[in-house]
Amino acid sequence: MALEIRRLFPGDDVLVMRAADEVFDEPVRPDRLSAYLAEPGHFMVVALADGIVVGQCAAVIHRHPDKVSELYIDEVGVAPAFQRQGIATRMLDAMFALGCEHGCEEAWVGTEPDNVAARALYESRKEPRGPAEGFVMYVYRL
């Protein structure tokens, strides 16, 4: 099986419509995907196996007036049958490279404290500035 890590651009929407189960949390809506890919500073890379999306990583650049630009890794997902094969690692590395190309000096990602697999992945990449940080998140319905 040939695996390709590929950055998506506007117009690549149709690729994501052929995704393996559990790559995304919810079904992908074409209108949302199109808007996401068209937005400057929004990035998505996918892992393709025989034309099927088996992994995805999405990120957004956060620019600040008083801090360095950061790449926020928003989502990483790999179909269960393709996990533990280095796909998430390759997608993260591709996303870090995109962040560097676009002037980001830091990248950050969060996960649940009990998500052992995600934490192992994130702790294995690059050299973190320090140990994982604890934080409290609030979600508001708008």
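# Briefing: helix faces, core and salt bridges

Arginine 119 and glutamate 123 both belong to helix α4, where they are placed four residues apart, or about one turn of the helix. The model is a predicted one, and the points below take up helix α4, helix α2, the nonpolar core with its strands, the salt bridges, and two loop residues with unusual backbone angles.

**Helix α4**

- Between arginine 119 and glutamate 123 there is a salt bridge, in which the closest N and O atoms are 3.9 Å apart.
- An α-helix has 3.6 residues a turn, so residues three or four places apart point the same way.
- The two partners differ in accessibility class, since arginine 119 is partly exposed with a relative accessible area of 31%, whereas glutamate 123 is exposed with a relative accessible area of 51%.
- Glutamate 123 and Val116 are exposed residues carried on the face of α4 that is turned away from the buried side of the helix.
- The buried residues of this helix are Ala118, Leu121 and Tyr122; they lie on the same side of α4 because the arc they cover around the axis is only 95°.
- The elements that cover these buried residues of α4 include β4, α3 and β5.
- Serine 124 is also found in helix α4, and with a relative accessibility of 42% serine 124 counts as partly exposed.
- The C-alpha atom of serine 124 is separated by 16 Å from that of alanine 97, a residue 27 residues apart from serine 124 along the chain.

**Helix α2**

- In helix α2, which comprises residues 30-38, the buried residues include Leu33, Tyr36 and Leu37; they sit on the same side of α2 because they cover an arc of only 90° around the axis.
- The cover over the buried residues of α2 includes α1 (13-16), β2 (42-49) and β3 (52-62).

**Nonpolar core and the β4-α3-β5 unit**

- The largest nonpolar core has 37 residues, of which Met44, Leu71, Ile73 and Met95 touch the most other members.
- At least two residues of this core are supplied by each of α2, β2, β3, β4 (70-78), α3 (87-101) and α4 (116-124).
- When neighbours within four places in sequence are left aside, the contacts of leucine 71 are Phe43, Ala59, Val60, Ile61, Met95, Gly99, Cys104, Glu106, Ala107 and Trp108.
- Strand β4 runs parallel to strand β5 (residues 106-109), and four bridges join the two strands.
- Across this pairing, glutamate 70 stands opposite glutamate 106 in β5.
- Together, β4, α3 and β5 make up a β-α-β unit that is right-handed.

**Salt bridges**

- Side chains of opposite charge can pair when their charged atoms come close.
- With a nitrogen-to-oxygen limit of 4 Å, the count comes to three salt bridges, one of them being the pair of arginine 119 and glutamate 123 described above for α4.
- Another salt bridge links arginine 6 with aspartate 12, and in this pair the closest N and O atoms are 3.5 Å apart.
- Within that pair, arginine 6 is partly exposed at a relative accessible area of 29%, while aspartate 12 is buried at a relative accessible area of 14%.
- A salt bridge is also formed where the side chains of arginine 29 and aspartate 31 meet, with 2.6 Å from N to O.
- Both members of this pair fall in the intermediate class, as aspartate 31 is partly exposed at 42% relative accessibility and arginine 29 is partly exposed with a relative accessible area of 39%.

**Loop residues with positive phi**

- Most residues other than glycine have a negative phi, and most peptide bonds are trans.
- Glutamate 22, which is a residue other than glycine, has a positive phi near 70°.
- Glutamate 22 is placed in the loop between α1 and α2 and counts as exposed, with a relative accessibility of 61%.
- Arginine 84 likewise has a positive value of phi, near 65°, in a residue other than glycine.
- The loop between β4 and α3 holds arginine 84, and arginine 84 is exposed with a relative accessible area of 78%.

Terms used: Residues numbered from 1 in each chain as written. Predicted model: local features only at pLDDT ≥ 70, side-chain atom pairs only at ≥ 80, totals over all residues. Heavy atoms only, no water. Buried < 20%, exposed > 50% of the residue type's maximum accessible area, 1.4 Å probe, protein only. Arc of directions from axis to C-beta. Contact = heavy atoms within 4.5 Å. Core = buried A, V, L, I, M, F, W, Y, C linked by side-chain atoms within 4.5 Å. Pairing = 2+ DSSP bridges. Right-handed = clockwise from strand over helix to strand, strands pointing away.
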